[in-house]
Amino acid sequence: MKSLSAVALALAFVAAVPAWAQRADRNVDLPVVRSVSWFGYVGGDDIRAACQPGTRSHIRLIYNALWEEQVRAYDLFPQPDGTAGLNVGVLADQGNVATLSVSNGLDITNPWRMKKGERLLNVGETRDLMAALQASAAFGPPRDGLRLPDNDFWWAVSSCRDGVWGFQAYHYPTDGFANVRFADRLWALDEVRVPISKPRKLEPAEFRRGDDFDRHSVQRGRGDRWMLVVGKDGLRPR
């Protein structure tokens, strides 16, 4: 199949832009087409690459509610007038992460099989959510060496605010998870019709891997069993 012309491609992305982003006062950048891996998406590689003074603010929160069960992604775009655009994406039954990539245009949460939602937060909703993020130390710095297994509950937050990059992560039930103040506020704004899988007590991750998994599987980079490791200002390269 022939590729779209540059003009046709641009028109296709404009048509996909959420209604809240099409207003002239929203200061939305022109579409940028790129493809990133799921791990790069979680780590906010695209946000970090675009984060410079004068660029719009962008905050991405990933809630890993056991990889094989559910993942929720939230992209928040604070606006100069105090409001914010919120895009929500929910993955369920996603299988092997090695096969997933994100076609990333203006609608950042439009990959593969995500069930999507979007809304414009008013000034009060935006203020309360941002205050909860601040109270949670969501903009970093993270704990260097924190491990995030595929089959545990955790949050990862990547952000660019006023041209400043930030990253944070929380691993349930310890590793700062008790400090999360934004989850309930964010979930109250989440209108995607997939019930939220909230943290529950589980056996340690290594006891829930199954007979076909051991520590060497992580080292070999198996797509259906993985471990992310946090560095001083983001995810460490895999």
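Mentor: Buried means under 20% relative accessible area, exposed means over 50%, and partly exposed lies in between, with a 1.4 Å probe and protein chains only. This is a predicted model, in which local features need pLDDT of at least 70, side-chain atom pairs count only at pLDDT 80 or more, and totals for chains, interfaces and linings use all residues. Residues are numbered from 1 along each chain as its sequence is written, and side-chain values use heavy atoms, without hydrogens and water.

Trainee: Why is L66 called buried?

Mentor: The relative accessible area of L66 is 3%. The limit for buried is under 20%, so L66 is called buried.

Trainee: Why does D162 count as exposed?

Mentor: D162 has 66% relative accessibility. Exposed begins over 50%, therefore D162 counts as exposed.

Trainee: What makes the phi of L66 worth listing?

Mentor: Phi of L66 is near 70 degrees, a positive value in a residue other than glycine. L66 lies in the loop between β2 and β3. D162 also has a positive phi, near 55 degrees, and is not glycine either; its place is the loop between β8 and β9.

Trainee: How do you know that β8 and β9 pair?

Mentor: Strands are DSSP runs of E with at least two residues, helices are runs of H or I with at least four, and both are numbered from the N terminus. Two strands pair if DSSP finds at least two bridges between them. Strand β8 (residues 153-161) and β9 have eight bridges, in the antiparallel sense, so they pair. One of the bridges joins W154 to H171 in β9.

Trainee: What makes β6 and β9 edge strands?

Mentor: The open sheet has six strands in the order β6-β4-β3-β2-β8-β9, with antiparallel pairing. β6 (115-121) and β9 (164-171) each have a single partner strand, so one side of each has no neighbour in the sheet. From one strand to the next, the twist averages 10 degrees; axes are lines fitted to C-alpha atoms, for helices over the stretch in contact, and angles run from 0 to 180 degrees between N-to-C directions.

Trainee: How do you know that α4 packs on the sheet?

Mentor: Contact means heavy atoms within 4.5 Å. Helix α4 (residues 123-135) touches β2, β3, β4, β6 and β8, and its direction makes about 110 degrees with that of β6.

Trainee: What is omega for the bond that joins G140 and P141?

Mentor: Omega is about 0 degrees there, and the peptide bond is cis. P141 sits in the loop between α4 and β7. The bond from Y172 to P173 is cis as well, with omega near 0 degrees, and P173 is in the loop between β9 and α5.
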